[in-house]
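Subject: Handing over the structure

Dear colleague,

I am passing this structure on to you, together with my notes on what was found in it. Please look through the model first and then read on.

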Amino acid sequence: ISYLFSHSASNLSFNSVTLAKYQNISIKVTNTLDVLCFESHFPEVIACLGRKITVTFQRMIQASPDYRTVWQGLADYPFTVEFNNGTHSFTLGFGAHAHVSAYSQQRGKGKEFLETIEVTPKWDPSVGTDCTLTLT
């Protein structure tokens, strides 16, 4: 199943606000494993030490929502991104425990002012997970 950037239109939501005028979306998942071989050529113990998930998007700077204030406030918010091609959909949700982990602005001469926002989930003990992935 393939998805295009246009399949995410009107499906990027942060703090229950649907975002518009974003240029790109990057979803990155990094698992951390510790492989121990002891006296063997083959792995004997593979320990899972967690994962880091980030969603990065770039959009035109707008008065609302103000992501600089959100980033500086260190609060948690609901976050969801969905790709829907009309037949299948892919939804990644961070529940109510997503936070802006990185923020930057780009102000080029003769160009639109852009902001880059990186969102990362936190572990939610009440649900027992940091993210949900739904494929239909």
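The model is a predicted one, and the mean pLDDT of the protein, that is, the predictor's confidence in each residue on a scale from 0 to 100, is 82, with 96% of the residues scoring at least 70. Among the elements, β8 has the highest mean pLDDT, at 88, and β2 the lowest, at 78; helices (H or I, at least four residues) and strands (E, at least two) are DSSP runs, numbered from the N terminus.

As this is a predicted model, local features need a pLDDT of at least 70 and side-chain atom pairs count only at pLDDT 80 or more, while totals for chains, interfaces and linings use all residues. Residues are numbered from 1 along each chain as its sequence is written, and side-chain values use heavy atoms, with hydrogens and water left out.

The strands form two open sheets, which I take in turn; two strands count as paired if DSSP finds at least two bridges between them. One open sheet has five strands in the order β2-β1-β5-β6-β9, with antiparallel pairing. Its edges are β2 (17–18) and β9 (132–135), each of which has a single partner strand, so one side of each is left without a neighbour in the sheet. Within this sheet, β1 and β5 run antiparallel and are joined by three bridges, and Leu12 stands opposite Val81 in β5.

The other open sheet has four strands, ordered β3-β4-β8-β7, and its pairing is antiparallel. Here β3 and β7 are the edge strands, each pairing on one side only. On average, neighbouring strands of this sheet are turned by 20 degrees against each other, direction ignored (axes are lines fitted to C-alpha atoms, for helices over the stretch in contact, and angles run from 0 to 180 degrees between N-to-C directions). Six bridges pair β4 with β8 in the antiparallel sense, and Phe57 has Ile117 in β8 as its bridge partner.

Phe57 also belongs to the largest nonpolar core, which has 23 residues and in which Phe14, Phe57, Phe79 and Phe94 have the most contacts. Such a core is a set of buried Ala, Val, Leu, Ile, Met, Phe, Trp, Tyr and Cys residues joined through side-chain atoms within 4.5 Å, where buried means under 20% relative accessible area, exposed over 50%, and partly exposed in between (1.4 Å probe, protein chains only). Apart from its neighbours within four places in sequence, Phe94 is in contact (heavy atoms within 4.5 Å) with residues including Ile53, Val55, Phe79 and Cys131.

Two buried residues with polar side-chain contacts may also interest you. Tyr103 lies in strand β7 and counts as buried at 10% relative accessibility. Its side chain makes polar contacts (a pair of N or O atoms within 3.5 Å; within protein, one must be able to donate a hydrogen and the other to accept it, and residues adjacent in sequence count only if both atoms are side-chain atoms) with the side chains of Gln105, at 2.9 Å, and Glu115, at 2.7 Å. Ser89, in strand β6, counts as buried at 9% relative accessibility, and a polar contact of 2.4 Å joins its side chain to that of Thr136.

With best wishes
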